[in-house]
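Biologist: Hello! I am new to this structure, so could you walk me through it and explain the terms as we go?

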Amino acid sequence: MAKKRKARAKKKSSMKQRLGGWALKLGLVCLVLLAALAMYLDAIVQEKFSGKRWAVPAKVFARPLELYAGQHLGRDDFLTELKALGYRTVNSVSGPGQMAVSGSQIDVYTRGFQFFEGAEPAQRVSVRFNGQQVASIGGGANLVMARLEPMMIGGIYPAHNEDRILVRLDQAPPYLVDSLVAVEDREFFQHFGVSPKGIARAMYVNLTSGSLRQGGSTLTQQLVKNFYLNSDRNIIRKGLEAMMAVLLELHYSKEEILEAYLNEVFLGQDGNRAIHGFGLASQYYFAQPLQELQLHQVALLVGMVKGASYYNPRRNPERATERRNLVLDLMAEQGMVSAEQAVQAKNKPLDVSVGGSMADTSYPAFMDLVKRQLRADYRDEDLTSEGLRIFTSLDPLLQHKAEEAVKTTLKRLGPAAEDVPLESAMVVSGAQTGEVLAVVGGSNPRFSGFNRALDASRPIGSLIKPAIYLTALEQADRYSLVTPIDDAPIELEAEPGKTWSPQNYGRESHGLVPLYLALAKSYNQAAVRLGMDVGVDKVLNTVRRLGVEHDWPAYPSMLLGSGAMTPMQVSDMYQTLANGGFNTPLRSIRNVLTAQGEPLKRYPFEVRQRFDSASIYLTQEAMSHVMTEGTGRSAYNRVPSSVRLAGKTGTTNDLRDSWFAGFSDDLVAVAWVGRDDNGRTRLTGATGALQVWSAFMGEAHPQSLSAVPPAGIVKAWADPNTGLGSDPSCVGSIEVPFRQGFEPLPGPGCRPVIDTEALQDGANKVLDTIRGWLR
């Protein structure tokens, strides 16, 4: 018996030894695997955290608003831009991002900004206005000009649509870091990545409440979860999270981890775009830089860390307010702020910016143009990940006015037919610079679909006529503004076996009319006769010289605009007409900086002289008559009559497309109205597109086109009915600009002008004398 017990004990001991050996081996294997896992995770942690941590989208900015005496800018427009940039109204400015308004004077403390040319310092500037002009600016010694920081109008996002504005820890506003640590991880500066105390506290709260009320994750663990892992909730992922948090703290300082957290944390969703980091959240919710936020705003963002969607201040303001106030109470309990400061902050509104305002920064049509021009120089991955800073020519004030002109005019015009909406597009550019200032791609300017301004190629109708008349006026020995043009029926061979007989819009002929009036009234028969006389091929070459490459055949029908262009191409063409014959290719980008603010590329101003200034001036003169006595005259219902404008209406067959293109001294604007299905609109150029154009120009306050003739132009009196020289005393005589050396000699004689007022005065005197005799 004893031997059996001994044998069993020996066997049991042997089994224990074997199991212990296996356990030891298994433990060693687990340790090796754990060490290998730790080494693998450590490599991942260091590789991503030490390298380029984020794919930062390119940021796109509008033009900076420049302030100088004599600038064409109204007080109300200035205030609109300041509010869109998030400037706060105060009684007296004392720091960046503040403004004080007193009558016609506005004091503003600008924000410093890194431009292509260098850094612009933050400074106090006093701006005084006189009507639609800056009367004076004052500030530092010898201040001549100041610039506001440009508005960010969008980004070029990667496929995952994350966005962020990177901030350094020293750029964080007061209270942000302390309140974040107080609310999310009180032991942050004491633990090593995981907090046993926090885990125990969370377990106790969850067990006593019977539900999952708290998590034990530290800030470091939250960063690891967002930065390296997915959002799955399981024990394996939590274990990986804890290991990586420890490894992260092993290699990097608390400050580096906090800075990464400030830039990584998810704080909202803007459509398809994810809002990451406090820097972008500050702009998204308050339209202000992070460093300018006040206590109550900081508390709101910190409170949203727990659940950005649940505490969204735009959708759930009551819930967001309650959460913000809880954060403020915690800050007061821990002595970060006084009880009085907390109460004052709790009494303030949320101060969230209004969605859909200019600060909404959604300009899809213009951004489409920018992306197309950028892709000629940059790869898509550079644009979506390198944090480039792209400065454009967009004028937010003019963009807003163009959008309003399109929306309000289409609403007034109504649908083209039952259930068939009208569409519209508009392009605005600088007359001398060729910079694109505004682009509207359709009736809904916020819709990022089909961009009609860039892609809707439609017949241009009578918009081609200035090219016909310019071609003629270059031949000074044959044509002047008062050369009689026959507006009589004409029959032409359009193609073998077919004839073409163009007609005027009113189906009436007008006989001999002076050249300028034929353009002003848009007489088709006169234009075709003139175009055939100078040559269709020469007219089409003039279109190319004006800036539009095309492959149109030299058919007579081209003289009435059967060739198609986009609104952007029309802008190119009329840009040359507005700029004295100098072609300046339209551009939307000024320059590009790296993410670190280093200059990368400048897009210089280009100019090529295509026409002599005398021919262009004469063409402009004829186009100004379009506005005063021709098809564009209704524009002066919206624009002061003292402002000299030039332009041309365009209407296509069956009233399918309505166009207007015109310019002032500083602006070129092109408007199109039509249907996407190319159906009839019942609108001419004057009743459709001109109404959009006029609504815009009426708000844009354009500068009057100069009437001063260039060298080589002289003025002489002429009879508009014959084109011959005349005298100012002759009936119907007008003073007309001519190319020097081709002005007409005075006429052989004429019927003198009768001074009817003088005759009436004489008759009255005679009657008074007779009445005196009768007495």
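Modeller: Gladly. This is a predicted model, and a search of the whole structure finds 2 cavities of 30 Å³ or more.

Biologist: What makes a space count as a cavity?

Modeller: A 1.4 Å probe must fit there but be unable to get out. Rolling a probe the size of a water molecule over the atoms shows where empty space is left. The largest cavity holds about 50 Å³ of space, and the second largest holds about 30 Å³.

Biologist: Which residues line the largest cavity?

Modeller: Its lining includes Leu473, Ala476, Tyr479, Leu618 and Phe742. Strand β32 (residues 734–739) gives the most, with 3 residues.

Biologist: How do you know how the lining of the largest cavity divides by class?

Modeller: Leu, Ala, Tyr, Pro and Phe count as nonpolar, Arg as charged, and Ser falls among the polar ones. The lining names Ser480 and Arg739, and the division comes out as 8 nonpolar, 1 polar and 1 charged.

Biologist: And which elements give two or more residues to the lining of the second largest cavity?

Modeller: That lining includes Tyr363, Pro364, Gln399, Glu403, Val439 and Gly441. The elements giving two or more residues are α12 (364–374), α14 (396–413) and β17 (436–440), and the largest share, 3 residues, comes from α12. By class, the lining has 7 nonpolar, 2 polar and 1 charged residues.

Biologist: Let us turn to Arg644. Why is Arg644 called buried?

Modeller: Buried means under 20% relative accessible area. Arg644 has 16% relative accessibility, so Arg644 counts as buried. Arg644 is found in the loop between α21 (613–629) and β28 (646–651).

Biologist: What does Arg644 touch, not counting residues up to four places away in sequence?

Modeller: Among its contacts are Gln620, Glu621, Ser624, Tyr636 and Ser664. Ser706 is also one of them.

Biologist: How do you know that Arg644 and Ser706 make a polar contact?

Modeller: The cut-off for such a pair of N or O atoms is 3.5 Å. The backbone oxygen of Ser706 lies 3.0 Å from a polar atom of the Arg644 side chain, so the pair is within the limit.

Biologist: Finally, what makes β12 and β13 edge strands?

Modeller: They belong to an open sheet of 3 strands in the order β12-β14-β13, with mixed pairing. Both β12 (162–163) and β13 (266–270) pair on one side only.

Biologist: How do you know that β13 and β14 pair?

Modeller: Pairing needs at least two bridges, and β13 and β14 (residues 273–276) have 4, in the antiparallel sense. Asp270 stands opposite Arg273 in β14.

Note on methods: Residues are numbered from 1 along each chain as its sequence is written. This is a predicted model: local features need pLDDT of at least 70, side-chain atom pairs count only at pLDDT 80 or more; totals for chains, interfaces and linings use all residues. Side-chain values use heavy atoms; hydrogens and water are left out. Buried means under 20% relative accessible area, exposed over 50%, partly exposed in between (1.4 Å probe, protein chains only). Contact means heavy atoms within 4.5 Å. A polar contact is a pair of N or O atoms within 3.5 Å; within protein, one must be able to donate a hydrogen and the other to accept it, and residues adjacent in sequence count only if both atoms are side-chain atoms. On a 1 Å grid over the protein atoms alone, a cavity is a set of points where a 1.4 Å probe fits but cannot get out, and a pocket is an open set with protein on both sides within 12 Å along at least five of seven lines; lining residues have an atom within 4 Å of a point. Grid points are joined across faces, edges and corners, and a volume is the space filled by probe spheres set on the points.
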